[in-house]
Amino acid sequence: MRDKLAGLEFWPQALNYQVDDIEFFEQSYENRPETPFPSHGNQGAKGLPLLDSLFDMSLLLYSAGAPMKEVVAPGLRAVAQHFPEIVSNFGTMMPNGIARLGYDTYLRDMSFLVLARAKPPEAEAFFRTLDQFDLQMDGYGGYDLIWAAYRRHFGLPEVSVTSEVHWPEAYQNLWLAIAPSEPDFTRPHHLKKFLDGWYDEMASELAAQTTRGDNLGENSTYVGYWCLEAAAASVAFGIDDRDFRDHPYYPSEWADWARR
């Protein structure tokens, strides 16, 4: 086990439930019912339950101690294959298209691509799909500095940056850790500061699967509290993680695997 919060008996049960969910959502998605399948309270978000379940399966597998190739497979399928597919099938215009997701979700997907050692076509498929949404809506302001930095990491064409950091309360320290203008010796400090505040920011906004561990009974959907964003930044931008490798939210083994 890599997760120390849940007991040994929790993970087989949680993994079995997750397999059942994925099978159910796959069948529902393949049938493509005439009435939209709800997710995140949005009545038009067809295909998103499967997307969420596949991503969560990767986090569960990491928490439970599975080999890394098994860990990354379902999440990579979600981000690089299923996300582009559902947008292609249903479009982005509500109420019949899929919902535009939150900034934290998209950044988490970008981080996963790094940690899964995604190939350039897989990264391109994700960003090409993201660009189909109206990213100026609801205060997004298009690409911010962090999203643009991940595009560059994958060798994709430059885009216009129309805002600095979309959610500075949560992500300003992450940007300082990867900003080209920052000296290298300050990067680990900024990344550790981001990591220290990550859980409180995400839990306060009910984001990034960080509020599910309160009840670890048989109905819990807890998948582990892993800050993929910190690990991906360390890997993608060459930041020394020695000062925070033992942080309870830092997936150090995953970062090591991605570096290799």
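Where is V159 found? In this predicted model, V159 is placed in the loop between α6 (145-153) and α7. The relative accessibility of V159 is 25%, and V159 therefore counts as partly exposed, since the buried class ends at 20%. Apart from residues up to four places away in sequence, V159 touches Y143 and R151. Between V159 and G142, 17 residues apart in sequence, the C-alpha to C-alpha distance is 9.5 Å.

The loop between α4 and α5 (120-130) contains R117 as well as A118. R117 is not a glycine, yet its phi is positive, at about 55°. With a relative accessibility of 35%, R117 falls in the partly exposed class, because this value lies between the limits of 20% and 50%. A118, in contrast, counts as buried because its relative accessibility is 13%. When neighbours within four places in sequence are left aside, the contacts of A118 are L76, L113 and F154. A118 and A80 are 38 residues apart along the chain, and their C-alpha atoms are separated by 8.3 Å.

V114 belongs to helix α4. Its relative accessibility is 6%, so V114 counts as buried. Beyond its neighbours within four places in sequence, V114 is in contact with Y150, H153, F154, A232, V235, A236 and A258. F154 is thus a contact of V114 and also of A118. From V114 to L61, 53 residues away in sequence, the C-alpha to C-alpha distance is 18 Å.

Helix α8 comprises 18 residues, 187-204. At 1.5 Å a residue the expected span of α8 is 26 Å, and the end C-alpha atoms are 26 Å apart, so the two values agree. A kink of about 40° is nevertheless present in α8, centred on G197. The buried residues of α8 are R187, P188, H190, L191, F194, L195, W198, Y199, M202 and A203. An α-helix has 3.6 residues a turn, so positions three or four places apart point the same way. Among the elements that cover the buried residues of α8 are α4 (103-115), α7 (168-178) and α9 (228-236).

In helix α10, residues 252-259, the buried positions are S252, W254, A255, W257 and A258. These buried residues pack against α2 (48-64), α3 (68-90), α4 and α9. One of the buried residues of α10, A258, is also among the contacts of V114 in α4. Helices α4 and α9 therefore appear both in the packing of α10 and in the cover of the buried residues of α8, whose span agrees with the expected value.

The second largest pocket holds about 250 Å³ of space. Its lining is made up of 17 residues, of which R2, D3, K4, W226 and P248 are the closest to the centre of the pocket. Sorted by class, the residues lining the second largest pocket are nine nonpolar, two polar and six charged.

Conventions
Residues numbered from 1 in each chain as written. Predicted model: local features only at pLDDT ≥ 70, side-chain atom pairs only at ≥ 80, totals over all residues. Heavy atoms only, no water. Helix = DSSP H or I, 4+ residues; strand = E, 2+ residues; numbered from the N terminus. Expected span 1.5 Å × (residues − 1). Bend = angle between axes of the 7 residues up to and from the residue. Buried < 20%, exposed > 50% of the residue type's maximum accessible area, 1.4 Å probe, protein only. Contact = heavy atoms within 4.5 Å. 1 Å grid on protein atoms, 1.4 Å probe; cavity = no way out; pocket = protein on both sides within 12 Å on 5 of 7 lines; lining within 4 Å. Points joined across faces, edges and corners; volume = space filled by probe spheres on them. Nonpolar A, V, L, I, M, F, W, Y, C, P; charged D, E, K, R; others polar.
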